[in-house]
Amino acid sequence: MTRRGRRFTGYPLRRGAQEAPSWRTWLTNPLVLQAIAVLLLVLALLTGLNLVHLTSGRWIDAWVGFLRYLFGWGIVPVTFAFGAGGILILRHQLDRPVVWRWRPVVGLELLFFGLLALTHLVLGRSDPWGLVEQGWGGGLVGWAFAFLLSEYLGPLVAGILLAAVVLLGAGLAFDLTVAEVREALSRLRPQAPPRPAVRRRPSPTPRQATPPPPPPSRQPRRKPPAEPPPPTPQPTAVKEPPPQPKTLPLTAAVLSEELELPPLDLLEEGKEAGLSDEEIREKSRIIVETLASFGLPVEVVEVRRGPTITQFGIAPGYTERTDRHGRRRAQKVRVSQIAALADDLALALAAPSLRVEAPVPGRSVVGIEVPNDEVGLVTLRSVMESDAFQTATSPLTVALGEDVSGEPVVADLAMMPHLLIAGTTGSGKSVCIKAMATCLAMTNRPDELRFVMIDPKMVELVRFNGLPHLLGHTEHDLDRIGRVLRWVAQEMDRRYKLFATSGARNIDDYNQRIGAKQAGERLPHIVVFIDELADLMMLAPDQTERTICRIAQMARATGIHLVVATQRPSVDVVTGLIKANFPARISFATASQVDSRVILDMPGAETLLGRGDMLYLASDAGHPIRVQGCFVSDAEIERVVDFWREQTGGWTSEPPWEGIMPTGKEEAAARLDEEDALLQQAIELVKRRSTITASYLQRRLRIGYPRAARLIEQLEEMGLIGPQEAAGRPRRVIGGEGE
């Protein structure tokens with residue numbers, strides 16, 4: 001057993017035993033790869049010196065002559081290819097993994113061979129083979145391609161085909177797309193002189209491919225006039241928005257469409273953090289040596305640096321084992337063997353916790369996620385400025401954070417369509433909800449999106465009070481929360497009736513049909529944020545579960561989405577019905593593996609670091625991805641709320657659930673009605689019998705024994721049955737008709 005890269009040799013071979021071929025392990029041996037790299041560099045150096053006539057010799061002249069005969073003028077790029085290949089192999093061996101992409105490699109090959117054949121076809125019209133003997137043109141390779149294509153397709157078609165191959169190879173080599181080529185061609189076309197007309201205002205779309213330049217202040221951005229208007233009273237009348245009819249707060253255009261979206265400079269910028277190259281090399285060495293000490297040869301093939309953790313992708317090596325016939329065979333290291341050594345790796349790396357993803361979905365490596373010494377801060381602005389967020393078309397796109405490689409992660413709330421969040425206290429649930437609400441408020445106007453916020457903790461979501469997107473204010477009274485949920489269910493039913501009347505399938509179809517006729521009747525999306533589900537389940541578990549499940553099952557088409565968080569992911573809070581209707585889930589750090597299985601149906605959340613470190617399970621994904629969540633401060637939220645309040649003049653909507661009966665009174669009334677109906681049925685049964693028992697009422701009315709015993713006591717108080725004569729004896733009916 002040796003250091004990194006060498007495989008376990010096992011026991012010596014028996015006499016007469018045959019060794020199994022192990023060419024794969026031979027090619028992956030670091031010493032062999034380093035020798036190949038040095039050989040390529042030496043060949044490139046000697047060939048280059050001979051080309052510029054600085055050195056000569058029998059062997060080197062023969063080598064260069066062979067390359068000239070084979071490739072012609074292509075000997076120059078071949079020489080550079082030798083040197084580049086040697087440098088890349090050495091860099092890969094120095095713990096700087098090289099990511100091989102097929103597009104540049106295939107593109108360079110097509111470009112090289114296409115140019116060889118094309119130049120030989122153009123220059124070798126009179127004597128093609130003479131160019132090969134002179135070591136010029138495309139050499140033997142170029143002559144072969146040019147001869148075959150011109151012989152069977154003709155010179156003209158062959159030239160056009162080779163030119164197309166050269167263009168295709170250049171596009172692949174420089175990683176160009178069709179859209180980029182069209183854009184470059186459009187820039188080369190002569191453009192018409194610009195018109196003097198001035199654009200009135202920026203496009204009100206909630207998403208732009210390129211963010212607009214930030215304004216110097218946080219005042220509402222209005223249209224600057226192109227020319228000073230003449231002194232007439234008409235411009236003053238145009239600036240005032242027309243009066244809008246205010247009927248229902250959800251369907252009337254109570255806000256003007258001239259409202260501008262907040263600029264991104266209201267949010268704070270993030271700071272980059274991660275492991276240095278020296279720390280990565282040291283940790284890679286520790287991982288390889290630790291696993292090798294347990295007889296598991298591995299190799300670190302890739303490193304992905306994230307804001308919170310760094311993922312080391314390791315490729316299992318081969319060990320030699322002796323079968324029962326005494327033959328030595330190469331056996332690959334099992335993935336389960338590496339995953340079982342997670343605690344030993346954490347001890348060797350001095351890490352507080354370590355997660356082994358075996359294997360990484362979509363890649364043939366085992367991921368070892370090691371926490372960084374310095375945790376980077378992922379801000380909401382850094383994710384919203386990324387291409388992944390700017391190119392999203394859905395108005396309900398939210399920024400979640402950055403994954404283990406530092407790439408931004410965004411999600412579409414309309415596709416989830418509901419989200420369940422769980423984790424221990426202080427793990428980042430409330431910050432995640434505030435970041436999602438701030439992101440939606442930054443990209444949607446109040447007439448397009450409304451919020452319903454429920455915060456039993458009374459300290460987290462109250463900072464959004466005054467936001468024009470918010471219906472009423474943040475509800476924290478447990479008695480009023482029942483009204484809110486029932487109003488959401490009633491609003492869902494009302495919208496379905498509107499869809500049935502207009503023949504629409506969903507909210508987008510309804511807005512397209514109605515928006516052209518009556519702009520004030522457009523329906524906004526509604527996002528319901530519930531910061532703590534456990535308190536609601538403790539107050540009224542049956543009604544809360546029934547209402548939430550009904551909304552989650554049916555509200556997708558109506559544009560109503562739920563974002564529910566809880567710090568106690570137990571089976572009595574996150575029930576089976578709730579989990580079935582929330583396919584998209586986020587799990588922050590949990591206290592035990594049992595809680596991780598409740599929220600994600602798999603372990604892993606118990607090894608998270610907290611403070612925004614989460615596992616995000618998308619509704620269409622089979623495995624969760626690790627994400628460092630976005631952080632948004634209270635000052636950022638206040639700036640966004642103040643920006644909208646300045647534009648709307650402090651306008652807020654009244655809570656539409658004020659007229660709904662409180663939960664306790666409604667349940668009491670329903671219970672009294674039910675008991676009165678049972679009492680009437682019991683009286684009808686008593687009139688037809690001479691004796692009565694509680695068990696008889698249980699069977700006939702299909703109720704439990706406590707309810708039947710209470711009915712017996714009520715009948716006795718009414719004077720319909722006599723007192724109990726002995727234990728277990730039937731009661732005598734006073735004035736009964738008998739059977």
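Q: What makes the pairing of the Arg-626 side chain with the side chain of Glu-369 a polar contact in this predicted model?
A: A polar contact is a pair of N or O atoms within 3.5 Å, where one must be able to donate a hydrogen and the other to accept it. The side chains of Arg-626 and Glu-369 are paired at 2.6 Å, so this value falls within the 3.5 Å limit.

Q: Which other side chain makes a polar contact with the side chain of Arg-626?
A: The side chain of Asp-613 does, at 2.5 Å. Arg-626 itself belongs to strand 15, residues 625-629.

Q: Why is Arg-626 called buried?
A: Buried means under 20% relative accessible area. Arg-626 has 6% relative accessibility and therefore counts as buried.

Q: What makes the pair Glu-369 and Arg-355 a salt bridge?
A: The criterion is a side-chain nitrogen of Lys or Arg within 4 Å of a carboxyl oxygen of Asp or Glu. For Glu-369 and Arg-355, the closest N and O atoms are 3.0 Å apart, so the criterion is met. Glu-369 lies in strand 6 and Arg-355 in strand 5 (residues 355-357), so the pair ties together parts that are 14 residues apart in sequence.

Q: How do you know whether Glu-369 and Arg-355 are buried or exposed?
A: The cut-off for buried is under 20% relative accessible area. Glu-369 has 2% and is buried; Arg-355, at 12%, also counts as buried. Both residues belong to a network of salt bridges that links Arg-355, Glu-369, Asp-613 and Arg-626.

Q: Why is Arg-494 described as partly exposed, and how is Glu-491 classed?
A: Partly exposed lies between the limits of under 20% for buried and over 50% for exposed. Arg-494 has a relative accessible area of 24%, and is therefore partly exposed, whereas Glu-491, with 5%, is buried. Their side chains meet in a salt bridge of 2.8 Å, N to O. The two residues are three residues apart in helix 17 (residues 478-502), about one helical turn.

Q: What makes Asp-373 exposed?
A: Exposed requires over 50% relative accessible area. Asp-373 has 62% relative accessibility, so it counts as exposed. Asp-373 lies in the loop between strand 6 (366-371) and helix 14 (380-384).

Q: Why can Asp-373 be part of a surface patch, and which residues form that patch?
A: Patches are made of residues with over 30% relative accessible area and no salt bridge. Asp-373, at 62%, passes the accessibility requirement. The negative surface patch is formed by Glu-278, Glu-279, Asp-373 and Glu-374.

Technical notes: Residues are numbered from 1 along each chain as its sequence is written. This is a predicted model: local features need pLDDT of at least 70, side-chain atom pairs count only at pLDDT 80 or more; totals for chains, interfaces and linings use all residues. Side-chain values use heavy atoms; hydrogens and water are left out. Patches are made of residues with over 30% relative accessible area and no salt bridge: like charges are joined within 9 Å, nonpolar side chains (Val, Leu, Ile, Met, Phe, Trp, Tyr) within 5 Å. Accessible areas come from the Shrake-Rupley method with a 1.4 Å probe; for residues, only the protein chains shown count as cover. Lys and Arg count as positive and Asp and Glu as negative; His and the chain ends are not counted. The place of a charge is taken as NZ of Lys, CZ of Arg, CG of Asp or CD of Glu. Helices (H or I, at least four residues) and strands (E, at least two) are DSSP runs, numbered from the N terminus. Buried means under 20% relative accessible area, exposed over 50%, partly exposed in between (1.4 Å probe, protein chains only).
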